[in-house]
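Colleague: I would be grateful for a close look at a single part of this model, namely the packing between helices. Please describe it in one connected account and then relate it to the surroundings.

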Amino acid sequence: MILALEYHRSPGRFVAARGLTATRMGSRLSGMVAGNVAPLRLVNRQARELPGDGWTRVAPVLSGICGSDLSLLTGHSSPYLSPMTSMPFVPGHEVVGRTMDELPGIPKGSRVVIDPVLSCSVRGLEPCRWCASGQQSRCDHVTAGRISAGIQTGTCADTGGGWSRQMVAHQSQLHVVPEDLPDERAVLAEPLACAVHSVRRVPIEPNSTAVVVGAGTVGLLTLLALRELTQVGAVYVIAKHGHQKEKAKALGATAVIEPRKAVRALRRVTTARMHTPEMGADFLLGGVDTVFECTGGASGLDTSLRLARAGGTVVMSGMPSGGVDLTPLWFRELELVGAYCSGADGADFADALRLVGSAPLDGYVGTTYPLARWREALNHAADSGRLGTVKVAFDLAR
């Protein structure tokens, strides 16, 4: 038997959580994430069997709590994704752990991070057009094959997830962690691989301007990827909290701006014109070349669309929620680009493991919790910005 934190779909609790969190902010919001309406259960269950050859059991060591996990628990994730999950599933896709079985080139006991995408090779299928081209994040077969539906580890009933003492993973998902890389850095490899993928989704011209909206884990790592992998010029970061501002500056932000001052500040540095509509927020005629929306919130996307220059690009890195006025997209002929998970046939993960070992990321995993204290962990993660934390993780050795 293994200890696991399971998600059980409950339409009543989903609606209740959405209604309660819609009216609560800050620490009051965090109190609802792990309250009685949360569709989670801490259970002891039978360990999962290996689905076939090329699979191994993995014992998670650290597993991060992602913003997409919190969106699910607060009822803000889109119902669009519901056919691509299977119940009950164990959340947790940001995982560093140790293999428990022998695999070619990956000995038993190897420390690994997991690419969570459950693509054709994982499912025992002939590759779809996307998997054949190395773009597994676009896989068309996430509901087919030898395992149940799930877009990634952490949404599939048959694989388990990182919020447990044991899960299963396919060899194609595994990346061996360098011996000198601490677990607290290795657990950042998956979100950093996603940030690398986001930056590679669009051409970044030398000396062009960019804005990163949001300075949580996704935003900070997107800034890191921009600075390390492109020749971008000025990068402005919109951040709420003092510790986020300090970390953004350490990663090379040209300037860090408070959300309420963003339009005015960027008007000055881009020589754009600012306009105020009869209703809604200010916007720019002019603006920056590329905007990375890293909050997943409707207000973040709304801000992004109002800051991009005509013909510019907005990249959605955060999992979206809520409706947005798309008039700027139409009127300014913007490019709106989605960026889901990682791709490039493992290259994004390889670069992420290299960068996570060298970048100034000490202290990003600020607090860890055992599974038994899951309510505290989720409350902390939901209020991490105010509490001065970038990433909260479960410590499965405790």
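Modeller: In this predicted model, helices α7 and α13 cross in a right-handed sense. Helix α7 comprises residues 189–200 and helix α13 residues 347–358, and their axes come within 8 Å of each other, crossing at roughly 120°. That angle makes α7 oblique to α13, because only angles over 145 degrees count as roughly antiparallel and those from 65 to 115 as roughly perpendicular.

On the α7 side, the residues in this contact are Ala189, Glu190, Leu192, Ala193, Val196, His197 and Arg200. They meet Ala347, Asp348, Phe349, Asp351, Ala352, Leu353, Leu355 and Val356 of α13. Sorted by class, the contact of α7 with α13 has 10 nonpolar residues, one polar residue and four charged residues.

Helix α7 also packs against α8, with the two axes 8 Å apart and at an angle of about 55°. The helices α7 and α8 are therefore oblique to each other, and their crossing is right-handed. Here α7 contributes Pro191, Leu192, Ala195, Val196, Val199 and Arg200. The partners in α8 are Thr217, Leu221, Thr222, Leu224, Ala225, Leu226 and Leu229. The residues of this contact between α7 and α8 divide into 10 nonpolar, two polar and one charged. Leu192, Val196 and Arg200 of α7 take part in the contact with α13 and also in the contact with α8.

These contacts can be set beside the nonpolar cores. The largest nonpolar core has 48 residues, and those with the most contacts inside it are Val113, Leu192, Leu226, Val237, Phe292 and Leu361. The elements that give two or more residues to this core are α7, α8 (217–229) and α13, together with strands β8 (210–213) and β9 (235–238). Leu192 belongs to this group and is also one of the α7 residues that meet α13. Leu226 is likewise in the group, and on the α8 side it takes part in the contact with α7. Leaving aside neighbours within four places in sequence, leucine 226 is in contact with Val199, Ile204, Ala210, Val212, Val232, Val235 and Phe292. Apart from the largest core lies another core, of 22 residues, among them Tyr236, Ile257, Met274 and Leu301.

The loop between α7 and β8 holds asparagine 207. Asparagine 207 has a positive phi of about 65°, although it is not a glycine. Most residues other than glycine have a negative phi. Asparagine 207 counts as exposed because its relative accessibility is 65%, and exposed means over 50%. Glutamate 333 offers a second case, with a positive phi near 50° in a residue other than glycine. The place of glutamate 333 is in the loop between α12 (327–331) and β15 (335–338). With a relative accessible area of 63%, glutamate 333 is exposed.

The backbone has a further feature in the loop between α3 (67–73) and β4 (95–99), where proline 88 is found. A cis peptide bond joins methionine 87 to proline 88, with omega at about -15°. Most peptide bonds are trans.

Some individual residues elsewhere complete the account. Leucine 40 is found in strand β2 (residues 40–45) and counts as buried, at 6% relative accessibility. Not counting residues up to four places away in sequence, leucine 40 touches Leu5, Glu6, Tyr7, Leu73, Pro91, Trp374 and Leu378. Between the C-alpha atoms of leucine 40 and serine 208 the separation is 45 Å, and these residues are 168 residues apart along the chain.

Glutamine 166 is found in the loop between α5 (129–132) and β6 (167–170). Although it is in a loop, glutamine 166 is buried, with a relative accessible area of 12%. Neighbours within four places in sequence aside, glutamine 166 is in contact with Ile2, Ala47, Arg57, Val58, Pro60 and Met100.

Valine 269, by contrast, is partly exposed, with a relative accessible area of 46%; its place is in helix α10 (residues 262–270). Valine 269 and alanine 234 are 35 residues apart in sequence, and their C-alpha atoms are 9.8 Å apart in space.

Key:
Residues numbered from 1 in each chain as written. Predicted model: local features only at pLDDT ≥ 70, side-chain atom pairs only at ≥ 80, totals over all residues. Heavy atoms only, no water. Axes fitted to C-alpha atoms, helices over the stretch in contact; angles between N-to-C directions. Helix = DSSP H or I, 4+ residues; strand = E, 2+ residues; numbered from the N terminus. Parallel < 35°, antiparallel > 145°, perpendicular 65-115°, else oblique. Left-handed = near helix turned anticlockwise from the far one by under 90°. Contact = heavy atoms within 4.5 Å. Nonpolar A, V, L, I, M, F, W, Y, C, P; charged D, E, K, R; others polar. Core = buried A, V, L, I, M, F, W, Y, C linked by side-chain atoms within 4.5 Å. Buried < 20%, exposed > 50% of the residue type's maximum accessible area, 1.4 Å probe, protein only.
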